[in-house]
Amino acid sequence: MARHGGRGWHGKLVGAALGVTLLATGASVWTAQAGTADAPKPKASASATPGNDGKRVETTIAHSSDAGPRGVNITIDDGPDPTWTPQVLDLLKQYGVKATFCMVGTQAQAHPDLVKKVVAAGHRLCDHTVSHNTSMDKASQAYQSQQILDAEAMITKASGGVRPMYYRAPGGAFTPYSRELAASRGMRPLGWNVDSKDFERPGTDAIVATVEKELHNGPTVLFHDAGGNRSQTLEALRRLLPWFKAQGHTFGFPIR
Ligand SMILES: [Zn+2]
């Protein structure tokens with residue numbers, strides 16, 4: 001329990017994606033979930049029905065796991081990619097892990113077969129905008145709207161009608177406007193607690209060490225399945241997925 005227990009994790013968070021929920025609800029959600037450790041997962045029925053019915057969700061940035069106090073949310077960004085996504089899917093299947101894929105609209109449009117495979121395997125979709133502009137929080141509301149809504153449409157079309165359940169701003173560049181827009185369409189703004197730094201390719205050992213060292217920050221861990229050679233990410237996941245299990249963690253989805 002120590003790794004996620006008590007008050008350790010919410011005091012250390014930094015960065016734009018990490019702010020709002022913590023101040024607003026993060027600690028209380030974490031605490032509330034701690035009391036339901038042995039209860040059935042409250043969101044189990046939702047996870048059996050991937051997609052989004054379009055009903056409004058919370059506008060705060062989610063970090064908690066629906067799998068309870070030992071839950072870990074694997075999130076995989078920037079794909080889908082024809083080289084790396086199938087390998088990530090194979091690995092997740094091997095370990096029986098469900099993850100959340102934050103897809104770039106143009107990537108989804110280019111690889112609808114992969115989007116459908118992700119959904120068919122029981123993973124969840126997340127809108128990661130059309131252009132992955134990490135400065136979009138400085139841009140106009142019209143631009144933010146286009147980036148979010150066009151990507152939502154691209155991903156939904158590519159999936160065969162399954163809508164993304166989350167919205168993750170590139171680089172955590174959320175705004176109150178973009179959070180409200182996404183939430184009004186049933187896409188919960190999604191942050192992260194642990195950046196594996198896999199995107200920078202620091203070496204598999206470094207990626208593994210970063211995740212193991214920083215997991216006390218909270219349950220949502222960031223990886224990538226596109227944007228370059230992701231062999232280090234794959235190798236790190238191959239080591240980390242059994243490690244999470246050995247530590248007594250379970251795998252879940254971010255709360256909505
Ligand atoms: Zn990204």
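The following exercises, with worked solutions, concern a predicted model.

**Exercise 1. Confidence**

Task: State the mean pLDDT of the protein and find the stretch where the pLDDT is below 50.

Solution:
- Averaged over the protein, the pLDDT is 86.
- A pLDDT of 70 or more is reached by 80% of the residues.
- The pLDDT is below 50 over residues 1–49. In the model, this stretch has 57 contacts beyond near neighbours in sequence.

**Exercise 2. Pairing around β1**

Task: Determine which strands pair with strand β1 (residues 71–77), and in what sense.

Solution:
- Start with β2 (residues 100–103). It runs parallel to β1, and three bridges join the two. Within this pairing, T75 has T100 as its bridge partner, and I76 stands opposite F101.
- Next take β7 (residues 220–224), which pairs with β1 in the parallel sense over five bridges. Here D77 stands opposite H224.
- Then take β8 (residues 250–252), which is parallel to β1 and joined to it by three bridges. G71 of β1 stands opposite T250 in β8.

**Exercise 3. From β1 to β2 and on to β3**

Task: Trace the chain from β1 to β2, give the handedness of the crossover, and describe how β2 pairs with β3.

Solution:
- Three bridges join β1 and β2, which run parallel.
- Between these strands the chain passes through helix α3 (residues 85–94), and the β-α-β crossover is right-handed.
- β2 also pairs with strand β3 (residues 124–127), in the parallel sense and over four bridges. One bridge partner here is D127 of β3, which is matched with M103.

**Exercise 4. Burial of β1 and β2**

Task: Decide for each face of β1 and of β2 whether its residues are buried or exposed.

Solution:
- On one side of β1 are G71, N73, T75 and D77, and on the other are V72, I74 and I76; all are buried. The count for the strand is seven of seven residues buried.
- In β2, T100 and C102 lie on one side, F101 and M103 on the other, and all are buried.
- Both faces are therefore covered in β1 and in β2, because a residue with 20 or more other C-beta atoms within 10 Å of its own counts as buried.

**Exercise 5. The surroundings of A121**

Task: Locate A121 and classify it as buried, partly exposed or exposed.

Solution:
- A121 is in the loop between α5 (112–120) and β3.
- There are 15 other C-beta atoms within 10 Å of A121, so this residue is partly exposed. The cut-offs are 20 or more for buried and 12 or fewer for exposed.
- Leaving aside neighbours within four places in sequence, A121 is in contact with L89 and K93.
- K98 is 23 residues from A121 along the chain, and their C-alpha atoms are separated by 7.9 Å.

**Exercise 6. Packing of α5 and α6**

Task: Describe how α5 packs against helix α6 (residues 141–159).

Solution:
- The helices pack at an angle of about 75°, and their axes are 7 Å apart.
- This angle makes α5 roughly perpendicular to α6, because angles of 65 to 115 degrees fall in that class.
- From α5, the contact involves P112, V115, K116 and V119; from α6, I155, A158 and S159.

Terms used: Residues are numbered from 1 along each chain as its sequence is written. This is a predicted model: local features need pLDDT of at least 70, side-chain atom pairs count only at pLDDT 80 or more; totals for chains, interfaces and linings use all residues. pLDDT is the predictor's confidence in each residue, from 0 to 100. Two residues are in contact if their C-beta atoms, placed from the backbone, lie within 7 Å. Two strands pair if DSSP finds at least two bridges between them. A crossover is right-handed if, with the strands pointing away from the viewer, the path from the first strand over the helix to the second runs clockwise. Axes are lines fitted to C-alpha atoms, for helices over the stretch in contact, and angles run from 0 to 180 degrees between N-to-C directions. Angles under 35 degrees count as roughly parallel, over 145 as roughly antiparallel, 65 to 115 as roughly perpendicular and the rest as oblique.
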